[in-house]
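Thanks for making the time this morning. I would like to walk through one structure with you, going from the chain as a whole to its strands, its cores and its rings, and I will try to keep to what the coordinates support.

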Amino acid sequence: MPTAEPIITAKTLPSIVGMRLGNAPYTLVIKYDDGAEMVTDMTGIIHKRQALAALHDQDEFSKVRVINNGDGVAWEAGPDFSADALRHLAEVQRDMTGHDFKAWMKRLGISNNEAADVLGVSARTIKAYKANQGTLPSRVGIACKALERNLTILHARFRPRKLGRPKND
């Protein structure tokens, strides 16, 4: 099982070194100090939070700027977001691939059958997810990310399995 989350220090927090508006409405393309470039779609947050209503206007949204030497972004209309929050949003929005799914299972130290039990699907489905060259259904990625982020949920649904076929008695 994974270990406890590491302690976050100022040195481990992401910093923005570049930013531009994305091609789709309400998106930002952000380059971080570790070289990662990620697209963050702000649509849901802007439309579900009353405090961000001013950003419904694309002209207002486009007035975004990097603040505090890369610690975050802010708009003339007032709201701001930390680099860490923006990166987290981009990470949870990213679709999961079969490769990502295999890495998720490895990080959690679970077998095909254990993953099937936790996700409520068959072992055959787990094998198909792992073999998938494209993206998995979004519900799978959402569930996996939630289970990894909150290990209590994983542990509540986890049932250890022995390797190999059941013995005949």
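**The chain as a whole**

Let me begin with contacts: among those in the chain with a separation of 6 or more, 50% are between residues 24 or more positions apart. Please keep in mind throughout that this is a predicted model, and that everything I quote is computed from it.

The chain has eight helices and six strands, and if you read the elements from the N terminus on, they run β-β-β-α-α-β-β-β-α-α-α-α-α-α. Of the 169 residues in the chain, buried ones make up 32%. The chain exposes about 11,000 Å², and 51% of that area is supplied by carbon and sulfur atoms.

**The strands**

I will take strand β2 as the starting point. How many of the six residues of β2 are buried? Five of them are, so the strand is largely enclosed by the rest of the structure.

On one side of the pairing scheme, β2 is joined to strand β1, residues 16–21, in the antiparallel sense over five bridges, and within that pairing Arg20 stands opposite Val29 in β2. These two strands form a hairpin with five residues between them, and Tyr26, which sits in the turn, has a positive phi of about 60°.

β2 also pairs with strand β3, residues 37–41, where five bridges join the two strands and they again run antiparallel; here Ile30 stands opposite Met38 in β3. This hairpin has four residues between its strands, and Gly35 in the turn has a positive phi of about 95°.

Further along the chain, strand β4, residues 64–67, pairs with β5 in the antiparallel sense over four bridges, with Trp75 in β5 as the bridge partner of Val64. β4 and β5 form a hairpin with four residues between them, and the turn residue Asn68 has a positive phi of about 50°.

**The nonpolar cores**

Which residues touch the most other members of the largest nonpolar core? Of its 20 residues, they are Leu28, Met42, Phe61, Val73, Trp75, Phe81 and Leu86. As for where the core comes from, β2 (27–32), α1 (43–48), β5 (72–75) and α3 (83–93) each supply at least two residues, and α3 gives the largest share, four residues.

Phe61 is a good residue to click on here: leaving aside residues up to four places away in sequence, Phe61 touches Leu21, Tyr26, Thr27, Leu28, Met42, Ile46, Leu55 and Trp75.

There is also a second, separate core of 17 residues, and among its members are Ile110, Ala115, Tyr129 and Leu154. Ala115 brings us to helix α5, residues 112–119, whose buried residues are Asn112, Glu114, Ala115, Ala116 and Val118. What do the buried residues of α5 pack against? They pack against α4, α6, α7 (138–149) and α8 (151–157). The residue that follows α5 is Gly120, and its phi is positive, near 70°.

**The rings**

Finally, the aromatic residues, where a search of the whole structure finds five aromatic pairs. One of these is Trp75 with Phe81, an edge-to-face pair at 6.1 Å centre to centre, with 85° between the planes. Trp75 counts as buried, at 2% relative accessibility, and Phe81 is buried too, with a relative accessible area of 14%.

Another is the pair of Phe101 and Tyr129, also edge-to-face, at 5.4 Å centre to centre and with 75° between the planes. Why can we say that this pair ties together parts of the chain that are apart in sequence? Phe101 lies in helix α4 (residues 98–108) and Tyr129 in helix α6 (residues 123–131), so the pair connects parts that are 28 residues apart in sequence. Both Phe101 and Tyr129 are buried.

Coming back to Trp75 and Phe81, ring pairs link these two residues with Tyr26 and Phe61 into a cluster, and you will remember that Phe61, Trp75 and Phe81 were also named among the residues with the most contacts to other members of the largest core. One last ring deserves a look, that of Tyr32, because its face has a charged neighbour by the cut-off of 6 Å from the ring centre: Arg87 lies over that face, at 4.9 Å from the ring centre.

Key:
Residues are numbered from 1 along each chain as its sequence is written. This is a predicted model: local features need pLDDT of at least 70, side-chain atom pairs count only at pLDDT 80 or more; totals for chains, interfaces and linings use all residues. Side-chain values use heavy atoms; hydrogens and water are left out. Rings of Phe, Tyr and Trp (its six-membered ring) pair if their centres lie within 6.5 Å; planes under 30 degrees apart count as stacked, over 60 as edge-to-face and the rest as tilted. Buried means under 20% relative accessible area, exposed over 50%, partly exposed in between (1.4 Å probe, protein chains only). A charge sits over a ring if NZ of Lys or CZ of Arg is within 6 Å of the ring centre and within 35 degrees of the ring normal. A nonpolar core is a set of buried Ala, Val, Leu, Ile, Met, Phe, Trp, Tyr and Cys residues joined through side-chain atoms within 4.5 Å. Contact means heavy atoms within 4.5 Å. Accessible areas come from the Shrake-Rupley method with a 1.4 Å probe; for residues, only the protein chains shown count as cover. Two strands pair if DSSP finds at least two bridges between them.
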